[in-house]
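The exercises below are meant to be worked with the sequence and the coordinates side by side. Each task is followed by a solution that proceeds step by step.

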Amino acid sequence: MAAVKRAAVLWASAATLLLSLQARGDNQAFDAVDRAQVETLRADVASEIQLQAYDLLDELVFAWNEQPPFNADTPVVLADVSVPVGFGSGLQALIETHFASLIVKNPRSHVLLAHCPQCTAVVVRSGAKGTVISRGSQEPQTLAQAGASTGSRHALFLDFEVEGASLVLRARITRLDADLLIVHAKVLSTSSGTPALLRSEERLKSANEARQEYLDALRGRSVLAVPLHIGVRTYAPGGNTVGAPAFVWLSGGVEASLTQKRAWLGRFTVGATWSPELHVGWMAQARALRLLSGSESSLTSPDIYGFIGGSVISIYGKNAAIFQDDLPNLANLISAAQGNDPQAVFAAFAVGLEIRVKNRIGIGAFLETLPTMTNANAIGEYLDVGLFAFQSLGVEASLCF
Amino acid sequence: METLVFLVVMSFVIVLERTSDPSAGVLRGKQEARNLECQRISAAEAHARHPVQVPEPPARATGAQVDALDCQRLYMREGERPARDEMVLSSLRRDVAELVAAARAKVPHEPPLVWHVDAFYPDQAVAAKVAVAARTHMAELGLTVSDRVPLLAAGDIAVLGRLPAQQSYPTACARYVDQGVLGDDHVFMGLMIVDGREGQLHAGLCRRGQWTWLR
């Protein structure tokens with residue numbers, strides 16, 4: 001699926017590029033498309049960086065909760081938040097907001113944030129050595145003045161940088177005096193390949209505890225599940241005027257994940273159908289499902305499974321007449337009137353798609369081929385693929401417990 | 001017809017199984033493969049990092065050792081940042097740790113000194129990252145580090161800017177002491193690239209007017 005998506009994006013990009021070049025006929029068009037693609041990519045990456053940055057901030061404040069940098073509540077000026085080289089002020093604003101939220105919700109850290117508009121302002125200072133133009137956060141005198149005006153004697157600096165596949169947070173607290181001594185420093189890094197833990201701001205946990213919660217959530221997805229389905233099967237009308245009725249099926253059974261990633265599932269169900277005066281039937285069905293929407297099932301987004309399966313179906317009653325080789329004739333109807341309803345037992349092989357949400361709710365559609373029904377005149381074909389034809393079309397909704 | 005269907009189905013299965021292969025091939029271009037950072041780790045560690053994708057290895061495993069290739073996409077793809085900046089930033093932690101260790105080895109632990117750090121790099125944003133990385137690492141190690149950067153007068157900088165790097169830093173070090181910017185209990189560590197064409201960080205120490213190259 002990823003390869004197909006990638007190919008589609010490439011084709012779309014190539015088409016857009018060609019159209020742009022034809023329309024404008026200069027290199028500016030290429031630059032614009034190129035920039036747009038880079039911006040899209042950057043937005044995609046930024047969203048991941050944002051989560052990882054939040055994770056590092058959570059870890060930092062959790063560490064402060066455990067070992068506060070100050071013994072008592074201390075006002076601290078958030079002097080500077082710097083984002084990785086190449087990223088802009090949008091990410092910076094998100095990080096500042098999340099950090100402020102964390103500090104407010106975690107008073108055990110003993111850090112109180114103080115507002116510092118001077119820190120981000122451009123400062124010009126002239127002296128005997130010359131004129132210095134810099135941001136307030138890089139100017140000791142400005143920091144000292146900011147501290148005096150806010151009652152704070154400490155400034156906090158948060159620096160994020162991308163180093164290969166890791167994001168590194170360097171946090172330091174500086175005392176606002178002539179020497180600007182660093183009184184607290186901490187370096188935190190995302191370990192390569194580990195997803196963001198997304199802890200709750202109110203009840204911060206250590207990385208190990210958060211990871212254990214994540215594993216527990218995964219283990220909550222048992223290897224075995226009990227699915228319940230309600231579905232409808234329709235049969236293509238044949239050349240005769242007698243149309244096949246739709247059959248409503250209720251079925252349940254057991255489903256097993258055959259791999260750790262839930263990429264392959266096996267399912268066995270039994271079902272029943274009943275229509276007053278018309279039919280009663282049962283069915284045994286087995287299916288193998290393959291995940292198509294990724295390499296592992298997702299807890300947050302819908303999964304698409306493709307499946308193949310086989311079933312044995314038995315129908316007893318007036319509606320079973322349509323599965324017989326001959327059309328219902330007068331003899332059949334008289335026989336039915338005498339209480340001898342027809343019965344049909346046949347096999348069906350299905351292929352279909354199912355969309356599952358959080359591995360709990362699903363809807364699916366399938367086509368079935370009935371190899372023994374090629375001579376049933378009341379049943380036609382929905383789709384003929386050469387080797388075989390699909391005579392039945394069905395939809396179903398399912399709940400997994 | 002049956003043969004054709006069989007071949008199509010088998011090709012689909014093979015392609016499906018290769019979607020997770022990080023190497024360049026049919027489904028992944030060379031450029032995309034270059035944007036991955038991969039490391040080979042044990043199956044147990046792979047399970048700890050990716051419990052969904054990697055099953056728990058059996059407790060009584062015998063036979064061949066099974067390992068995993070853990071790949072993650074680089075945050076900044078190749079070409080998004082200038083090559084020299086990317087080289088310096090991607091190995092910043094390791095380089096800074098090495099240089100700080102070398103600096104500590106050159107300076108006696110007693111009496112306690114106040115460390116000042118600055119970086120000299122053509123791009124100011126990268127220079128700030130390098131300096132912050134060094135300061136934070138030193139402070140985390142327990143050294144007394146100041147955020148204050150010793151400054152020289154504009155005239156000094158104008159002269160120093162015309163000197164080759166091998167002379168400018170020792171001269172600047174002497175000027176720091178002459179101007180009273182650095183006292184005896186202060187030590188300055190500078191990190192820089194000496195030649196604009198190289199991507200390796202160098203460092204030097206300035207103490208009591210004496211400049212010492214670390215790398």
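**Exercise 1. Chain-level description**

What percentage of the contacts in chain B with a separation of 6 or more is accounted for by residues 24 or more positions apart? Set the result beside the secondary structure and burial of chain B, and then describe chain A in the same terms.

*Solution.* The model is a predicted one, and the values that follow are computed from it.

Step 1. In chain B, residues 24 or more positions apart account for 62% of the contacts with a separation of 6 or more.

Step 2. Chain B contains eight helices and seven strands, and of its 215 residues 27% are buried.

Step 3. Chain A has seven helices and 18 strands, with 32% of its 401 residues counting as buried. For chain A, 59% of the contacts with a separation of 6 or more are between residues 24 or more positions apart.

**Exercise 2. Two helix contacts of α6 in chain B**

Determine how α6(B) is oriented with respect to α5(B) and with respect to α4(B), and name the residues that make each contact.

*Solution.* Two packed helices are described by the angle between their axes and the distance between the axes.

Step 1. Helix α5 (residues 92-106) of chain B and helix α6 (residues 124-140) of chain B have axes that come within 10 Å and cross at roughly 55°. Angles from 35 to 65 degrees fall outside the roughly parallel and roughly perpendicular ranges, and α5(B) is therefore oblique to α6(B). The crossing of these two helices is right-handed.

Step 2. On the α5(B) side the contact is made by B:Leu92, B:Arg93, B:Val96, B:Ala97 and B:Val100, while α6(B) contributes B:Lys129, B:Val130, B:Ala133, B:Ala134, B:His137 and B:Met138. Sorted by class, the residues of this contact are eight nonpolar, one polar and two charged.

Step 3. For helix α4 (residues 83-90) of chain B, the axis comes within 11 Å of that of α6(B), and the two cross at roughly 10°. Because angles under 35 degrees count as roughly parallel, α4(B) and α6(B) are described as roughly parallel to each other.

Step 4. Here B:Asp85, B:Val88 and B:Leu89 of α4(B) meet B:Val126, B:Lys129 and B:Val130 of α6(B). The classes in the contact of α4(B) with α6(B) are four nonpolar, no polar and two charged residues.

Step 5. Which residues of α4(B) are buried? They are B:Glu86, B:Val88, B:Leu89 and B:Ser90, and the buried residues of α4(B) pack against β5 (154-163) of chain A as well as against α5 and α6 of chain B.

**Exercise 3. Strand pairing in chain A**

Trace the order of the five-stranded open sheet, and then follow the pairing of β15(A) with its partners.

*Solution.*

Step 1. The open sheet of five strands in chain A is ordered β2-β1-β5-β6-β7, and its pairing is mixed. Its edge strands, each of which pairs on one side only, are β2 (111-114) and β7 (182-189), and the twist from one strand to the next averages 30°.

Step 2. Strand β1 (residues 74-82) of chain A runs parallel to β2(A) and is joined to it by four bridges; the bridge partner of A:Thr74 in β2(A) is A:Val111.

Step 3. Strand β14 (residues 343-357) of chain A and strand β15 (residues 361-369) of chain A run antiparallel and are joined by nine bridges, with A:Ile355 having A:Ile363 of β15(A) as its bridge partner. These strands form a hairpin with three residues between them, and A:Lys358 in the turn has a positive phi of about 50°.

Step 4. Eight bridges join β15(A) to strand β18 (residues 392-400) of chain A, again in an antiparallel arrangement, and A:Gly362 is partnered by A:Ser398 in β18(A).

**Exercise 4. Two residue environments**

Classify B:Cys206 and A:Ala178: is each buried or exposed?

*Solution.*

Step 1. B:Cys206 is found in strand β6 (residues 202-207) of chain B. With 24 other C-beta atoms within 10 Å, B:Cys206 is buried, since the cut-off for a buried residue is 20 or more.

Step 2. Leaving aside neighbours within four places in sequence, B:Cys206 is in contact with B:Cys173, B:Tyr176, B:Leu182, B:Val187, B:Phe188 and B:Trp211. B:Val187 is 19 residues from B:Cys206 in sequence and 5.8 Å from it in space, C-alpha to C-alpha.

Step 3. A:Ala178 lies in the loop between β6 (166-175) and β7 of chain A. A:Ala178 is exposed, because 11 other C-beta atoms lie within 10 Å and a residue with 12 or fewer counts as exposed. A:Ala178 and A:Gln141, which are 37 residues apart in sequence, lie 8.1 Å apart in space, C-alpha to C-alpha.

Technical notes: Residues numbered from 1 in each chain as written. Chains lettered and ligands numbered in written order. Predicted model: local features only at pLDDT ≥ 70, side-chain atom pairs only at ≥ 80, totals over all residues. Axes fitted to C-alpha atoms, helices over the stretch in contact; angles between N-to-C directions. Parallel < 35°, antiparallel > 145°, perpendicular 65-115°, else oblique. Left-handed = near helix turned anticlockwise from the far one by under 90°. Contact = placed C-beta atoms within 7 Å. Nonpolar A, V, L, I, M, F, W, Y, C, P; charged D, E, K, R; others polar. Pairing = 2+ DSSP bridges.
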